[in-house]
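Q: Please take a close look at the nonpolar interior of this protein. I should like a connected account that also places it within the whole chain.

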Amino acid sequence: MYLHRLLKCAQLLTRPNALHITRRAASQGKMPLARAHGKSFAHRGDLRLAKRIVVKLGSAVVTRDECGLALGRLASIVEQVAMLQSQGREMMIVTSGAVAFGKQRLRHEILLSQSVRQALHSGQNQLKDMALPVLEARACAAAGQSGLMALYEAMFTQYSTCTAQILVTNLDFHDDQKRRNLNSTLHELLRMNIVPIINTNDAVVPPPEPNSDLQGVNVISIKDNDSLAARLAVEMRADLLIALSDVEGLYDSPPGSDDAKLLDTFYPGDQHSITYGTKSRVGIGGMEAKVKAALWALQGGTSVVIASGTNPKVTGHVITDIVEGKKVGTFFSEVKPAGPTVEQQTEMARAAGRVLSSLEPEQRSEIICMFADLLTERKEDILAANKKDMEIAINSGRMSPAMIKRLSLSSSKLNSLSIGLRQIAVSSQDSVGRVLRRTRVANNLELEQITVPIGVLLVIFESRPDCLPQVSTLAIASGNALLLKGGKEAANTNHILHELAQEALSIHGVKDAIQLVSTREEVEDLCRLEKMIDLIIPRGSSQLVRDIQRAAKGIPVLGHSEGICHVYVDHEASIEKALKIIRDSKCDYPAACNAMETLLVHRDILRTPLFDQIIEMLRTEQVKIHAGPKFASYLTFSPSEVKSLRTEYGDLECCIEVVDSMQEAVDHIHKYGSSHTDVIVTENEDTAELFLQQLDSACVFWNASTRFADGYRFGLGAEVGISTARIHARGPVGLEGLLTTKWVLRGDGHTAADFSEQGSMKFLHENIPVAQLLPGRRTTS
């Protein structure tokens with residue numbers, strides 16, 4: 001009865017997702033190719049190539065509270081294994097849980113038996129306080145093994161996946177004939193697309209012996225499921241072993257301790273730097289046993305990842321994330337990178353950034369001026385590296401002409417960059433440590449609000465190498481540490497530009513404040529460094545920005561995912577101004593985020609010379625026109641009707657829609673716009689002022705092109721991007737947008753008790769004018 005209810009529950013847990021998993025992956029080319037075994041994968045990204053995978057489920061993953069199964073977790077794990085199996089991978093599971101399941105079943109039966117006996121002997125006190133007997137582990141395993149397997153079978157059946165049970169002991173691996181038989185059985189099951197579910201035969205297994213295992217590549221004693229999974233993975237030449245436990249991975253000290261750090265990658269020989277904690281609450285192994293087993297498997301040619309199978313935030317996709325190469329858990333690798341890891345780079349940048357922010361303004365300006373000089377002095381080296389990138393990009397045939405144009409650097413562009421950097425050096429003298437407000441809270445108690453750097457910035461940019469010196473200069477001027485991740489298409493150019501930035505920084509000993517991530521880090525993995533990075537600034541396509549905003553769950557993202565900019569032509573607009581503004585907004589640089597995408601026209605200008613001239617100008621400029629629903633209704637033969645009024649074309653295309661009034665234009669922009677940049681063209685000042693007041697976009701213009709939404713045109717010197725966020729900076733973000741504030745209180749032994757009813761002091765809260773600030777302190781101008 002108890003098992004029947006569990007199986008019903010398992011079917012309910014797995015059935016809703018069963019239809020989502022099909023076996024189309026292999027036919028669609030997603031099936032991983034078989035690879036020669038003998039060497040483990042060097043990088044996480046290579047795990048996508050894993051064909052044969054062993055998933056080890058620890059006791060803490062399978063069980064709920066030392067007694068009973070975690071059905072929800074098991075259901076999600078089964079779903080992931082079935083999905084990977086449907087992609088053409090060969091999946092094996094090494095599972096714990098038989099003892100816990102058996103304990104649960106036996107306790108249930110004993111309690112049921114006791115309740116029946118109590119009912120038969122009602123009134124007899126000696127039976128009322130009967131305690132549960134101590135259950136022997138082997139008996140529990142015998143009682144639980146069949147039920148555990150039935151549960152797995154019921155769950156996998158929902159995905160049309162067949163399973164098979166295999167119970168082993170240590171002796172099965174020491175006997176050559178038995179080991180060959182086991183190997184043959186497993187290969188045959190995998191050939192038939194069956195998922196083998198393996199467990200130690202705990203009903204007959206002897207007690208664990210003292211440490212006598214791991215004596216070499218060919219010998220490992222099977223005394224827990226960690227060693228079983230490692231032995232099995234090597235025997236079966238598996239590409240990947242995923243060991244799921246109740247911790248996120250391997251820490252350099254016991255998890256929960258103050259300085260414990262999760263290790264993204266672990267290398268053989270690093271054992272001496274690890275301090276192990278206590279064993280799992282239910283398993284017989286521990287992290288030390290897992291590490292030993294993992295290193296043994298790694299030595300045998302199988303890659304290993306240890307990760308959490310109990311964290312509800314990741315359990316539903318932990319296995320698939322690992323196979324996709326995402327940064328989950330601890331990856332064991334034999335190949336140690338030559339340079340620092342991205343985590344180490346971030347720590348180096350933060351430490352140097354704190355020194356950078358404490359420098360005098362003149363010293364930061366010196367760094368920027370030297371960087372500007374290097375851009376012109378090393379011009380030939382920069383252009384040679386850029387030429388190499390250009391040749392690679394053109395030969396690949398994968399980049400559009402617009403992208404290649406953005407990749408290109410020239411002598412004139414470097415000269416312009418150098419001039420812009422020097423302008424920032426001059427204008428940024430008072431940026432850091434500027435006093436914004438000063439208040440006399442009480443006698444001899446003064447409060448200041450001053451500007452300070454944000455901390456560590458992560459800037460991710462595509463194909464535009466000129467972005468690197470601009471962003472680096474703004475980071476230096478604002479005293480921020482900087483982590484840069486450029487597109488691989490500009491790798492050579494970015495490398496030399498970064499070297500020049502670090503050469504300039506080294507004159508005041510802060511070389512490490514700017515770091516270029518050149519390892520194979522995925523953008524999504526960088527976005528998970530929420531304890532190290534304070535702000536992410538994406539510079540690239542709207543798709544890149546959206547991907548980063550989705551991935552960065554714990555780090556603020558400064559930017560915009562779309563640039564759906566509008567130009568509204570009012571019925572009182574000047575023909576000459578309207579034509580100039582529309583042409584510039586759409587045709588100057590169609591791929592820019594501040595290019596016009598939708599043209600709104602007042603109903604009264606339809607069939608007027610103004611409207612005819614607008615259409616003729618757009619046709620001359622070869623702009624493809626899409627008609628909005630309302631505009632299409634006015635036409636007998638209309639252009640192609642727009643699929644969506646919320647479209648960023650990024651090319652010589654735009655939508656035209658008709659509105660009845662300025663208010664309807666505002667409502668349309670609020671509904672379909674992206675809060676980037678929107679324009680009104682009119683000669684009526686009252687109408688314009690209402691538009692500017694009512695419209696809630698980062699940039700709102702009157703009789704000016706959308707292309708003015710730019711840091712350089714705003715006089716900011718340079719920008720790190722354009723933000724449509726409502727907190728912190730909005731619009732083009734320059735130096736000021738990279739600063740925050742802190743409060744500094746200077747007292748003379750004051751306490752909160754001094755201001756209580758019994759205290760002797762009173763609050764003054766007097767604002768001190770700028771002129772009364774102490775000499776030498778930087779203030780607002």
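A: The account below begins with the basis of the values and then turns to the interior.

This is a predicted model, in which local features need pLDDT of at least 70 and side-chain atom pairs count only at pLDDT 80 or more, while totals for chains, interfaces and linings use all residues. Residues are numbered from 1 along each chain as its sequence is written, and side-chain values use heavy atoms, with hydrogens and water left out.

The protein has 24 helices and 24 strands; helices (H or I, at least four residues) and strands (E, at least two) are DSSP runs, numbered from the N terminus. Of its 781 residues, 50% are buried, where buried means under 20% relative accessible area, exposed over 50% and partly exposed in between (1.4 Å probe, protein chains only). Among contacts in the protein with a separation of 6 or more, 75% join residues 24 or more positions apart; a contact means heavy atoms within 4.5 Å.

The largest nonpolar core comprises 48 residues. Such a core is a set of buried Ala, Val, Leu, Ile, Met, Phe, Trp, Tyr and Cys residues joined through side-chain atoms within 4.5 Å. Helix α16 (residues 467–478) contributes the most to this core, with seven residues. The residues with the most contacts inside the core are Leu356, Ile367, Ile382, Leu482, Leu484 and Leu505. Of these, Leu482 may be followed further: leaving aside neighbours within four places in sequence, Leu482 is in contact with Ala349, Leu457, Val459, Val471, Ser472, Ala475, Ala513, Ile514 and Gln515. A second, separate core has 41 residues, including Ile53, Val61, Ala82 and Ile242.

Aromatic rings form a further topic. There are five aromatic pairs in the protein, counted where ring centres of Phe, Tyr and Trp (its six-membered ring) lie within 6.5 Å, with planes under 30 degrees apart taken as stacked, over 60 as edge-to-face and the rest as tilted. The ring centres of Phe611 and Phe631 are 5.7 Å apart and their planes stand at 75 degrees, so this pair is edge-to-face. Phe611 belongs to helix α21 (residues 609–620) and Phe631 to helix α22 (residues 629–633), so that the pair links distant parts of the chain, 20 residues apart. Phe611 is buried, at 8% relative accessibility, and Phe631 is likewise buried, at 4%.
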